[in-house]
Amino acid sequence: MGDFNWGARSIERMSGCHPLLREFANRLISRSSIDLTIPQYGGLRTAHEQLSIYKTGASRLNGHDRKSYHQTGMAIDIVSAGKTIGVMYDVDRLKYINKVAKIVWQELVDEDNVGDYEMTFGCDWTRFVDLPHYQIKKR
């Protein structure tokens, strides 16, 4: 386990996210052996920001008639901290983060700290795998 903390930018990017996602992210970074960050637009997004991401092909949701969980603060993206996109989105690092994330989520469930929320891991999607993505919704 590492001795990492969120940087100021990551804290700001998480500020619009649901408190449960922030708790999940805080536990995740405390258990990770690699430093983590919240990428630009990895927290709460406006419709305009979502449309921009959609236009790059990085999302299947355009932010208007097809909204992202990011637009309601119910999703967060978490990647490896690094100075290059190659490090931040390294598949092996993202798979490691997902492994730890699933352990952390199960701990929250076992402690009865998730209320009536469930987590969806973007790494488990089959049509559009999104390794850095985590979202919650009410059951």
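This tour proceeds through the sheet, the helices packed on it, selected loop residues and the two largest pockets of a predicted model.

**The sheet**

Begin by selecting strand 2 (75–77), strand 4 (residues 117–121) and strand 5 (133–138). These three strands form an open sheet in the order 2-5-4, with antiparallel pairing. Strand 2 and strand 4 are the edge strands, each pairing on one side only. On average, neighbouring strands of this sheet are turned by 20° against each other, direction ignored. As background, strands of a sheet pair through backbone hydrogen bonds, in either a parallel or an antiparallel manner.

Next, display the backbone of strand 2 and strand 5, which are joined in the antiparallel sense over three bridges. Within this pairing, isoleucine 76 stands opposite tyrosine 134 in strand 5.

Move then to the pairing of strand 4 with strand 5, where five bridges join the antiparallel strands. Two positions serve as guides here. Tyrosine 117 stands opposite lysine 138 in strand 5, and threonine 120 has glutamine 135 of strand 5 as its bridge partner.

Now show the side chains of strand 4. Which of them are buried? Tyr117, Met119 and Phe121 point to one face and are buried. Glu118 and Thr120 point to the other face and are not buried.

**Helices on the sheet**

Keep the sheet visible and add helix 2 (residues 19–31), which packs on it and touches strand 2, strand 4 and strand 5. The direction of helix 2 makes about 140° with that of strand 5.

Add helix 5 (residues 91–110) as well. Helix 5 lies across strand 4 and strand 5, and it runs at about 170° to strand 4.

**Two loop residues with positive phi**

Follow the chain from helix 5 towards strand 4 and select aspartate 112, which lies in the loop between these two elements. The phi of aspartate 112 is near 60°, a positive value in a residue other than glycine. Most residues other than glycine have a negative phi. Is this side chain's residue buried or exposed? Aspartate 112 counts as exposed because its relative accessibility is 63%, and the cut-off for exposed is over 50%.

Then select tyrosine 41, in the loop between strand 1 and helix 3. Tyrosine 41 also has a positive phi, near 65°. With a relative accessibility of 33%, tyrosine 41 counts as partly exposed.

**The largest pocket**

Turn to the largest pocket, which holds about 800 Å³ of space. To centre the view, select Arg45, Ala58, Ser59, Phe128 and Asp130, which are the closest to the pocket centre of the 30 residues that line it. Colour helix 3 (47–56), helix 4 (85–88) and strand 5 (133–138) next, as these are the elements that give two or more residues to the lining. Helix 3 gives the most, with four residues. Colouring the lining by residue class shows 13 nonpolar, eleven polar and six charged residues.

**The second largest pocket**

Proceed to the second largest pocket, with a volume of about 240 Å³. Its lining comprises 14 residues, of which Arg9, Ser10, Arg13, Thr37 and Gly82 are the closest to the centre. The elements that give two or more residues to this lining are helix 1 (8–14) and strand 1 (36–37). Helix 1 gives the most, with four residues. By class, the lining has five nonpolar, six polar and three charged residues.

**Serine 10**

End at serine 10, a residue of helix 1 and one of those closest to the centre of the second largest pocket. Why does serine 10 count as buried? Serine 10 is classed as buried because its relative accessibility is 3%, and buried means under 20%. Which residues does serine 10 touch, not counting residues up to four places away in sequence? Display Thr37 and Ile38, which are the contacts of serine 10 on that basis. Thr37 is itself among the residues closest to the centre of this pocket.

Terms used
Residues are numbered from 1 along each chain as its sequence is written. This is a predicted model: local features need pLDDT of at least 70, side-chain atom pairs count only at pLDDT 80 or more; totals for chains, interfaces and linings use all residues. Side-chain values use heavy atoms; hydrogens and water are left out. On a 1 Å grid over the protein atoms alone, a cavity is a set of points where a 1.4 Å probe fits but cannot get out, and a pocket is an open set with protein on both sides within 12 Å along at least five of seven lines; lining residues have an atom within 4 Å of a point. Grid points are joined across faces, edges and corners, and a volume is the space filled by probe spheres set on the points. Ala, Val, Leu, Ile, Met, Phe, Trp, Tyr, Cys and Pro count as nonpolar, Asp, Glu, Lys and Arg as charged, and the others, Gly among them, as polar. Buried means under 20% relative accessible area, exposed over 50%, partly exposed in between (1.4 Å probe, protein chains only). Two strands pair if DSSP finds at least two bridges between them. Axes are lines fitted to C-alpha atoms, for helices over the stretch in contact, and angles run from 0 to 180 degrees between N-to-C directions. Contact means heavy atoms within 4.5 Å.
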